[in-house]
Structures are given as structure tokens and as C-alpha cells.
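This report describes one protein model, from its overall form to selected residues and its internal spaces. Please consult the sequence and the structure shown below while reading.

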Amino acid sequence: MKEYIRDCPLFSLCGLNCGLCPRYQTTGKSKCPGCGGPDFHLQHPTCAVITCNSKHDNVEFCFQCSEYPCDRYRERRDLDSFITYKNVMSDFEKVRTEGIDAYRIKLDEKVSILEFLMENFNDGRRKNFYCLAVNLLNYEDLLEILEEINADISKQDIELKEKIAKIVMLFEKKAQKDNIELKLRKPG
């Protein structure tokens, strides 16, 4: 695939929140630059969605295509990869109704929350959990969790492991309240 550049690499053509993906949030050779980010074509030499887009309307986001929703979006996706596909349709709808600028502001804030968690409350085993939780939970719930972390958990004189356990419990409680399962859907 030739070089592919987009204005918004953190929110992909196909609707994934690349900024909340473990591969975007890593260092080293496996780091993904986000959809259409610098050297994307070197990390992802083929992409069926980009190929499809070039054959159709060449839009910034699939929901802008005259063929949307195509089979890719009409058929329910039951499996995830590094990142969840659960919110793709609802995220597209948010962009459609609120506008890309408003969506990008919230996505950037979610990325900041994720980076805060990974810098301060990661024991080396929480990146995937934090990426998934921040991606799936609504923005207001994330702000409540962040407030509780800053007001209480971060100030407690306990080991990092215990702080992390309390934070994970906060995420799980919010997810349970909203009937959200905090796990990737993998082949059985």
C-alpha cells in the first residue's frame, strides 16, 4: 500500500479509536502511528478498509461513504483485535451528530486519561485493561473515576498494587452499572 495520510489518525477511517489502542500506546517496533499517521503504510502494508475507501468515495470516515452502512457495518462484529469494535457504530453516530471537532476533543481527553493511568498506575500488566476500559466507558464516568483517583486513591499511603486494585474495581463497578463487559471478544 502506498503512503496513506489522514488528518485524524487517532480516530480511524473504520471507526476505531486508535489513540486508545495498546499498539498505539506502546513504544518500540510494534507501535502503530494510528490510522494514516506517520509511516502507517509501513506498519500496515495492506488494509481492506483503505482499499475499499479508495474504490468508493475516498472519504475521511466510512460513515461518510455513499455505500454506508455496507456489509462491513451491517453485519455484527463478534470479535475484537487489539482494540474493541464494540463502539464503532455509536462513535460514528456521535461524530455525525456532534461533529468531528467535538468528538476529537473528547477522544483527546480520553487519551490523556489513559496516559495518566498508564504513567501513574500501571504495574506493567494493566495497559490492555486501561485501554479497553477508557475506550468503552462513557466520558462522564471516566471523569468521575479520575476525580476519585485524584481525591482519594492517589493520596492513600498504600502500595501501588493496592491502588491499582482499587482503580480496577472503580472501572468494573462503572462498567457493571452500564452493562459493559470489560474484555476483548476473542475466538473461543
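## Burial and residue Asp141

In this report a residue is called buried when its relative accessible area is under 20%, exposed when that area is over 50%, and partly exposed in between. The model to which these terms are applied is a predicted one.

Asp141 has a relative accessible area of 5%, and because the limit for burial is 20%, this residue is classed as buried. Asp141 belongs to helix α7. When neighbours within four places in sequence are left aside, the contacts of Asp141 are Lys174, Lys177 and Asp178.

## Overall architecture

Eight helices and zero strands are found in the protein, and the order of elements from the N terminus is α-α-α-α-α-α-α-α. The radius of gyration is 17 Å, close to the 16 Å given by the globule rule for 188 residues, so the protein is as compact as a globular protein of that length. Along the principal axes, the C-alpha trace spans about 60 × 40 × 35 Å.

Of the 188 residues in the protein, 44% are buried. The accessible surface amounts to about 10,800 Å², and carbon and sulfur atoms account for 50% of that surface. Among contacts between residues at least 6 apart in sequence, 69% connect residues at least 24 apart.

## Helix α6 and its cover

Helix α6 comprises residues 127-136 and is mostly covered, with eight of its ten residues buried. The buried residues in α6 are Phe129, Tyr130, Cys131, Leu132, Ala133, Val134, Asn135 and Leu136. Their cover includes three other helices: α5 (100-120), α7 (139-151) and α8 (160-177). Helix α7, which contributes to this cover, also contains Asp141.

## Lys86 in the loop between α3 and α4

Lys86 is located in the loop that lies between α3 (71-74) and α4 (88-98). Its relative accessible area is 29%; because this value falls between the limits of 20% and 50%, Lys86 is partly exposed.

Beyond its neighbours within four places in sequence, Lys86 is in contact with Asp80, Leu136, Glu181, Lys183 and Arg185. One of these partners, Leu136, is among the buried residues of α6. Lys86 and Leu136 are separated by 50 residues in sequence, while their C-alpha atoms are 7.8 Å apart in space.

## The largest pocket

Rolling a probe the size of a water molecule over the atoms reveals where empty space remains. In this model, the largest pocket holds about 440 Å³ of space. Its lining consists of 23 residues, and those nearest the pocket centre are Cys14, Leu16, Phe40, His44 and Tyr85.

Which helix supplies the largest share of the lining of the largest pocket? That share, three residues, comes from helix α2 (residues 48-55). By residue class, the lining of the pocket divides into 16 nonpolar, four polar and three charged residues.

## The internal cavity

The structure holds one cavity of 30 Å³ or more, and the volume of the largest cavity is about 30 Å³. Gly15, Leu16, Asn17, Thr84, Tyr85, Asn87, Val88, Asp91 and Asn135 line this cavity. The lining divides into three nonpolar residues, five polar residues and one charged residue.

Several lining residues recur elsewhere in this report. Leu16 and Tyr85 line the cavity and are also among the residues nearest the centre of the largest pocket. Asn135, another residue of the cavity lining, is one of the buried residues of α6.

How values were computed
Residues numbered from 1 in each chain as written. Predicted model: local features only at pLDDT ≥ 70, side-chain atom pairs only at ≥ 80, totals over all residues. Heavy atoms only, no water. 1 Å grid on protein atoms, 1.4 Å probe; cavity = no way out; pocket = protein on both sides within 12 Å on 5 of 7 lines; lining within 4 Å. Points joined across faces, edges and corners; volume = space filled by probe spheres on them. Helix = DSSP H or I, 4+ residues; strand = E, 2+ residues; numbered from the N terminus. Nonpolar A, V, L, I, M, F, W, Y, C, P; charged D, E, K, R; others polar. Rg over C-alpha atoms; globule rule 2.2 N^0.38 Å. Buried < 20%, exposed > 50% of the residue type's maximum accessible area, 1.4 Å probe, protein only. Contact = heavy atoms within 4.5 Å. Areas by Shrake-Rupley, 256 points an atom, 1.4 Å probe, with all protein chains shown as cover.
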